[in-house]
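Reader: I should be grateful for a close look at how the first helix is packed, followed by a connected account of other parts of the interior and of the charged pairs. Please state which residues and elements are involved.

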Amino acid sequence: MVKLGLNLGYAPPGTNPAELVPLVQHAERLGFDSVWAAESWGTDAVSVLAWIAASTSRVKIGSAIMQIPGRTPANTAMTAATLDLLSGGRFLLGLGTSGPQVVEGWHGEPWGKPVTKTREYVDIVRAALRRETLEHHGSQYEIPFRGDGATGLGKPLKLMLRPLRADIPIYLAAISPKAVELAFEIADGWIPIFFSPDRAREVFGLNGRVREGFDVAATAPAVATDDLQAARDELKSYYALYIGGMGARGKNFYNSLFARYGYEDEAREIQDLFLDGKPRDAAAKVPDAFVDDVALIGSRERIADRLAAWRESGATSLLVSARDEITLRTVAEAAA
């Protein structure tokens with residue numbers, strides 16, 4: 001059984017995430033298990049999730065993702081504990097490093113060693129949620145801080161509030177091989193993007209790594225329609241943005257993942273076109289076969305057929321990206 005979630009992503013420029021509350025409430029009525037919000041360098045995930053928590057009563061609320069460089073691990077622990085308390089124990093903490101362009105260009109931090117940083121970050125968050133007196137001495141974080149410029153007055157502290165749950169589930173968004181390996185080692189769940197139910201075991205190396213209780217929460221755009229080609233074309237701009245524009249030339253994790261699916265030539269061409277200021281031409285180069293593989297599109301019957309593949313894929317949750325109630329209803333009925 002694959003649990004359904006609604007992935008809202010981040011609000012496109014010029015939109016207000018509060019406008020999505022009716023869609024979220026519709027997902028809750030349909031029996032969706034979770035609703036997730038993301039952040040890049042626009043709307044933040046935390047504010048949106050707090051708003052959603054206040055507008056719902058049952059559905060879980062998850063961050064997909066909260067950016068590791070945007071918050072200290074102690075602040076993330078405070079935020080997670082507060083959201084979980086306010087929502088009555090419904091919060092799921094999804095974390096990710098983002099990419100070098102955002103880490104250095106927006107947050108003003110060095111890219112450094114993201115796998116090592118993530119490991120230490122999760123250790124600190126978990127210790128704080130357990131209300132341990134916080135002390136950590138690693139290569140990425142020093143708590144209390146004793147480095148250059150320190151006053152020497154830093155004192156190990158423990159979280160003042162009593163968390164509703166000390167074991168809030170932690171998910172990692174990961175697509176590079178080392179990051180995926182880390183997710184399976186230290187997290188409670190994994191949030192992959194560009195997840196093909198037919199090829200994920202091969203591309204991500206899932207065999208033998210999914211332990212009991214671990215949640216593989218794969219994301220998939222969804223469009224319910226009788227015009228299959230129109231649905232493909234609608235999603236190609238989204239894929240071209242990530243494959244071509246979400247990263248620098250030579251350092252784009254989504255581009256590398258797309259190439260691992262066997263689209264090496266298309267990966268280079270899409271990136272070249274996008275970075276040359278031709279996003280429509282880049283979108284036109286996204287293969288129909290790729291969209292068919294990683295998205296849920298088409299009629300109810302076709303979506304139901306594809307959901308059967310997701311059930312066999314190793315995914316335990318399916319986070320559907322959709323913006324209309326008809327698609328949500330179609331997916332829910334197809335999954336029943």
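Author: Two residues are taken to be in contact when heavy atoms of each lie within 4.5 Å. The model is a predicted one.

Helix α1 spans residues 21-30, and its buried residues are Val21, Leu23, Val24, His26, Ala27 and Glu28. The list therefore holds His26 and Glu28 alongside Val21, Leu23, Val24 and Ala27, where buried means under 20% relative accessible area. The elements that cover these buried residues include the strands β1 (3-7) and β2, together with the helices α2 and α14 (325-335). Just beyond the end of α1, Gly31 adopts a positive phi of about 95 degrees.

Two of the covering elements, β2 (34-37) and α2 (45-55), are joined by a loop that contains Ser40. Ser40 counts as buried because its relative accessibility is 14%. Beyond its neighbours within four places in sequence, Ser40 is in contact with Tyr10, Gln67, Val102 and Trp106.

A second helix may be examined in the same manner. Helix α6 covers residues 177-186, with Ala179, Val180, Leu182, Ala183, Phe184 and Ile186 as its buried residues. These pack against two helices, α5 (114-129) and α7 (200-204), and against two strands, β8 (170-173) and β9 (189-191). Ala183, which lies in α6, is buried, because its relative accessible area is 0%. With residues up to four places away in sequence left out, Ala183 touches Leu172, Trp190 and Phe214. Between the C-alpha atoms of Ala183 and Leu8, which are 175 residues apart along the chain, the separation is 22 Å.

Trp190, one of the contacts of Ala183, also stands out in the largest nonpolar core. That core has 100 residues, and the members that touch the most others are Trp190, Phe195, Phe204, Tyr239 and Phe290. Helix α5 supplies the largest share of this core, with 7 residues. A second, separate core has 7 residues, among them Trp36, Ile191, Ala217 and Leu319. In soluble globular proteins, nonpolar side chains tend to be buried together. Phe290, from the largest core, is in contact with Phe194, Tyr239, Ile243, Phe258, Tyr261 and Tyr263 when neighbours within four places in sequence are set aside.

The second largest pocket holds about 320 Å³ of space. Its lining is made up of 15 residues, and those nearest its centre are Ala74, Leu134, Leu157, Lys158 and Leu159. By class, 11 of the lining residues are nonpolar, 1 is polar and 3 are charged. Helix α3 (residues 73-86) contributes the most to this lining, with 4 residues.

Turning to charged pairs, the whole structure contains 18 salt bridges. In one of them, Arg165 pairs with Asp84, and the closest N and O atoms are 2.6 Å apart. Arg165 belongs to the loop between β7 (142-143) and β8, whereas Asp84 belongs to helix α3, so the pair ties together parts that are 81 residues apart in sequence. The two partners fall into separate classes of exposure: Arg165 is partly exposed, with a relative accessible area of 22%, while Asp84 counts as buried because its relative accessibility is 0%.

Another salt bridge joins the side chains of Arg232 and Asp292, at 2.8 Å from N to O. This pair links distant parts of the chain, with Arg232 in helix α8 (residues 228-245) and Asp292 in helix α12 (residues 288-294), 60 residues apart. Arg232 is buried at a relative accessible area of 13%, and Asp292 is buried at 16%.

A third example lies within a single helix. Asp265 and Arg268 both belong to helix α10 (residues 264-275), and their 3 residues of separation amount to about one turn. An α-helix has 3.6 residues a turn, so residues three or four places apart point the same way. The side chains of Asp265 and Arg268 meet in a salt bridge of 2.5 Å, N to O. Asp265 is exposed, with a relative accessible area of 52%, and Arg268 is partly exposed, at 49%. Besides these pairs, Asp198, Asp293 and Arg306 are linked in a network of salt bridges.

Terms used: Residues are numbered from 1 along each chain as its sequence is written. This is a predicted model: local features need pLDDT of at least 70, side-chain atom pairs count only at pLDDT 80 or more; totals for chains, interfaces and linings use all residues. Side-chain values use heavy atoms; hydrogens and water are left out. Buried means under 20% relative accessible area, exposed over 50%, partly exposed in between (1.4 Å probe, protein chains only). On a 1 Å grid over the protein atoms alone, a cavity is a set of points where a 1.4 Å probe fits but cannot get out, and a pocket is an open set with protein on both sides within 12 Å along at least five of seven lines; lining residues have an atom within 4 Å of a point. Grid points are joined across faces, edges and corners, and a volume is the space filled by probe spheres set on the points. Ala, Val, Leu, Ile, Met, Phe, Trp, Tyr, Cys and Pro count as nonpolar, Asp, Glu, Lys and Arg as charged, and the others, Gly among them, as polar. A nonpolar core is a set of buried Ala, Val, Leu, Ile, Met, Phe, Trp, Tyr and Cys residues joined through side-chain atoms within 4.5 Å. A salt bridge is a side-chain nitrogen of Lys or Arg within 4 Å of a carboxyl oxygen of Asp or Glu.
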